[in-house]
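Trainee: Please take me closely through one part of this model, namely the charged side chains that pair with one another and the enclosed space that lies among some of these segments. I would like to know which residues take part and how accessible they are.

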Amino acid sequence: MATIIANNIISPLGFTTEANYEAVIKGKTALCHYDSIEGVPFPFTAALFSEEQKNTLLIEGYTMFESLAIHSIKSALSNCTILIDKRTALIISSTKSNVELLGNKGEADNVVNPGVAARKIAQAIGICTMPIVVCNACISGVSAIILGERLLKLELYDHIIVCGVDRQSPFIISGFYSLKALSEEPCKPFDIERIGLNLGESAATIILSRTLKEDKNLWHIRKGATRNDAFHITNPSPQGDGCYESIMSVTRNIDINSLALINAHGTATMYNDQMEAKAIKRAGLSHLSVNALKGYFGHTMGTAGILETILTMHSIDKGIVLGTKGFEEIGVSGGINVHSNNILTQKSNFIKIISGFGGCNAAIHLSHEEKTDLKFNVLNMNVAHKLYLTPRILEVDNVKQEIETKSNTLNWLYKNKIGNYPKYYKMDGLARLGFIASEIILTQENQERFIRNEKRAVILFNKSGTIHADKEYLETISDTDNYFPSPSEFVYTLPNIVNGEIAIRNGYCGETCFYILPEKNTEIITRILQASFLDENIETILAGWIEYHSDENFETEMYIINK
């Protein structure tokens with residue numbers, strides 16, 4: 001069992017969980033209106049740290065991103081007693097890490113690498129094991145919690161520190177602006193007048209322990225699940241398929257009347273809120289209280305799933321279901337029970353749901369009730385097929401082919417081996433590489449394709465993220481006199497979009513996730529894949545190490561792995 005033994009929230013509302021809770025219970029919000037900031041030539045509303053707060057938080061020798069994580073983790077550690085050793089792991093959840101430093105004079109590209117930042121954070125707090133970065137768009141925080149719970153269940157670690165952190169910058173703000181997702185006014189989750197989201201920045205940490213505690217006040221991760229819509233890389237499924245499936249997975253075999261609430265993603269965008277409402281209704285949970293916390297903190301991206309989980313735990317401990325700030329009149333179908341005021345509860349279970357670009361959705365069930373887990377042995381995995389691809393070599397199931405072409409290798413492979421998916425030309429380099437590799441290896445299965453498949457997961461790794469796509473998008477916003485942020489280029493700066501493209505192409509509705517490591521490590525990759533198989537729904541994984549720098553510099557190893 002994964003028990004939460006300590007936590008922390010750092011946001012513009014305060015630097016501890018207690019300070020943030022007290023601000024929220026009083027109805028305070030961190031959202032402020034900005035006419036513009038350097039690099040953002042348009043008005044917007046967001047929850048940003050003040051200059052005074054940043055000066056307090058910045059640690060010499062570290063970036064603000066790294067400083068936030070270090071402060072949050074150390075604060076959480078001060079509230080518990082654990083021995084940090086080789087049985088302790090660090091999982092960082094983030095969407096874009098230090099991307100604000102991209103293109104700064106004197107800064108190497110390496111500074112924006114999430115794996116490099118994670119290693120610095122690990123060293124600062126004394127972690128000696130390799131850190132793992134979950135880069136799974138907006139569901140990164142919940143994905144990280146799920147991974148931590150599974151790794152503990154496999155008894156691979158005794159303690160896991162899960163920290164979500166993201167900063168806001170012209171890179172991120174302009175990207176959501178390009179998607180027409182931002183609201184200039186404070187957001188209104190689930191409201192009839194909602195017009196978009198506000199962004200926010202924060203750090204949040206939970207410390208998970210495998211050791212069974214006899215303290216009935218502690219929270220436990222009972223179950224988590226991730227499901228893909230396989231519908232669209234930015235728009236959620238109209239019927240909320242992935243969200244519904246993830247909810248059903250974590251509520252199976254529990255008394256739904258024991259749930260105090262569903263803490264929703266509630267971005268206040270037109271499609272997300274409607275999708276969540278439909279999914280909740282389909283799951284038969286419309287009678288439960290539903291709340292969203294974006295009106296207090298904005299959308300904190302990689303932090304959101306962790307911050308909102310912690311605050312919900314804290315409020316339920318006080319016997320309160322927090323109201324949804326900004327909500328006045330229901331504006332979604334499904335008849336869900338959203339309220340603007342705080343209400344009382346005596347229940348001690350809840351569900352956290354979240355969704356993100358790339359079609360990914362996740363849910364976790366948390367409870368004060370202890371549950372003795374069955375002992376899980378490390379799973380044996382069967383590699384059914386394998387592929388290795390570089391600009392000059394294609395090797396599939398030990399059959400090696402030299403690639404001799406003067407043209408772009410990926411385009412050449414597409415034209416000669418696939419050639420029937422025009423969307424390919426809209427993808428960035430990483431997505432093209434993943435798409436080509438998956439198309440080739442999947443032909444080895446001799447199975448019917450392009451039908452809904454809930455049993456297959458798509459789990460990918462690399463060490464460089466999407467630095468190539470980041471640079472291309474940065475060009476679209478580098479000149480405020482010639483300002484044209486590209487929505488298509490921005491979306492592909494999220495590494496997990498390659499998972500989404502593969503899922504959409506093939507109808508894969510199982511788990512999808514992208515992980516970034518400081519360096520390739522077979523042992524860590526194997527542990528994560530074993531952990532993914534703990535989802536009883538997953539029978540097979542399309543897995544790969546997928547590194548793309550340019551059309552002349554890429555490498556991928558891809559595998560089809562079965563239980």
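Mentor: What follows goes from the charged pairs to a neighbouring strand residue and then to the enclosed spaces.

This is a predicted model, in which local features need a pLDDT of at least 70 and side-chain atom pairs count only at pLDDT 80 or more, while totals for chains, interfaces and linings use all residues. Residues are numbered from 1 along each chain as its sequence is written, and side-chain values use heavy atoms, with hydrogens and water left out.

The structure contains 27 salt bridges, a salt bridge being a side-chain nitrogen of Lys or Arg within 4 Å of a carboxyl oxygen of Asp or Glu. One of them joins the side chains of Asp 158 and Arg 210, with 2.9 Å from N to O. This pair links distant parts of the chain, since Asp 158 sits in the loop between helix H5 (140-153) and strand E6 (159-166) and Arg 210 in the loop between strand E8 (202-209) and strand E9 (219-228), 52 residues apart. Helices (H or I, at least four residues) and strands (E, at least two) are DSSP runs, numbered from the N terminus. Asp 158 is partly exposed at a relative accessible area of 21%, and Arg 210 is also partly exposed, at 28%; here buried means under 20% relative accessible area, exposed over 50%, and partly exposed in between, with a 1.4 Å probe and protein chains only. Asp 158 and Arg 210 also belong to a network of salt bridges that includes Arg 87 and Glu 155.

A second pair is formed by the side chains of Arg 227 and Asp 535, at 2.7 Å from N to O. Arg 227 is in strand E9 and Asp 535 in the loop between helix H16 (522-532) and strand E22 (540-550), so that this pair links distant parts of the chain, 308 residues apart. Both partners are covered: Arg 227 counts as buried at 4% relative accessibility, and Asp 535 counts as buried at 3%.

A third salt bridge joins Glu 557 and Lys 520, whose closest N and O atoms are 2.7 Å apart. Because Glu 557 lies in strand E23 (residues 553-562) and Lys 520 in the loop between strand E21 (512-516) and H16, the pair ties together parts that are 37 residues apart in sequence. Lys 520, with 37% relative accessibility, counts as partly exposed.

Another charged residue worth following is Arg 456, found in strand E20 (residues 456-462) and buried, with a relative accessible area of 3%. Its side chain makes a polar contact of 2.7 Å with the side chain of Glu 445, where a polar contact is a pair of N or O atoms within 3.5 Å, one able to donate a hydrogen and the other to accept it within protein, and residues adjacent in sequence counting only if both atoms are side-chain atoms. Leaving aside neighbours within four places in sequence, the residues in contact with Arg 456 include Glu 445, Tyr 508, Gly 510, Glu 511, Thr 540 and Ile 560, contact meaning heavy atoms within 4.5 Å.

Glu 511 leads on to the enclosed space, as it is one of the residues that line the second largest cavity, together with Ser 143, Ile 146, Leu 147, Arg 150, Thr 226, Cys 513 and Tyr 515. The elements that give two or more residues to this lining are H5 and E21, and H5 gives the most, with four residues. A cavity is a set of points, on a 1 Å grid over the protein atoms alone, where a 1.4 Å probe fits but cannot get out, and lining residues have an atom within 4 Å of a point. About 40 Å³ of space lies in this second largest cavity, the volume being the space filled by probe spheres set on the points, which are joined across faces, edges and corners. Its lining has four nonpolar, two polar and two charged residues, with Ala, Val, Leu, Ile, Met, Phe, Trp, Tyr, Cys and Pro counted as nonpolar, Asp, Glu, Lys and Arg as charged, and the others, Gly among them, as polar.

The structure holds two cavities of 30 Å³ or more, and the largest encloses about 80 Å³. Its lining includes Thr 95, Lys 96, Phe 176, Met 301 and Leu 494, and by class it has eight nonpolar, one polar and one charged residues.

Note on methods: 1 Å grid on protein atoms, 1.4 Å probe; cavity = no way out; pocket = protein on both sides within 12 Å on 5 of 7 lines; lining within 4 Å.
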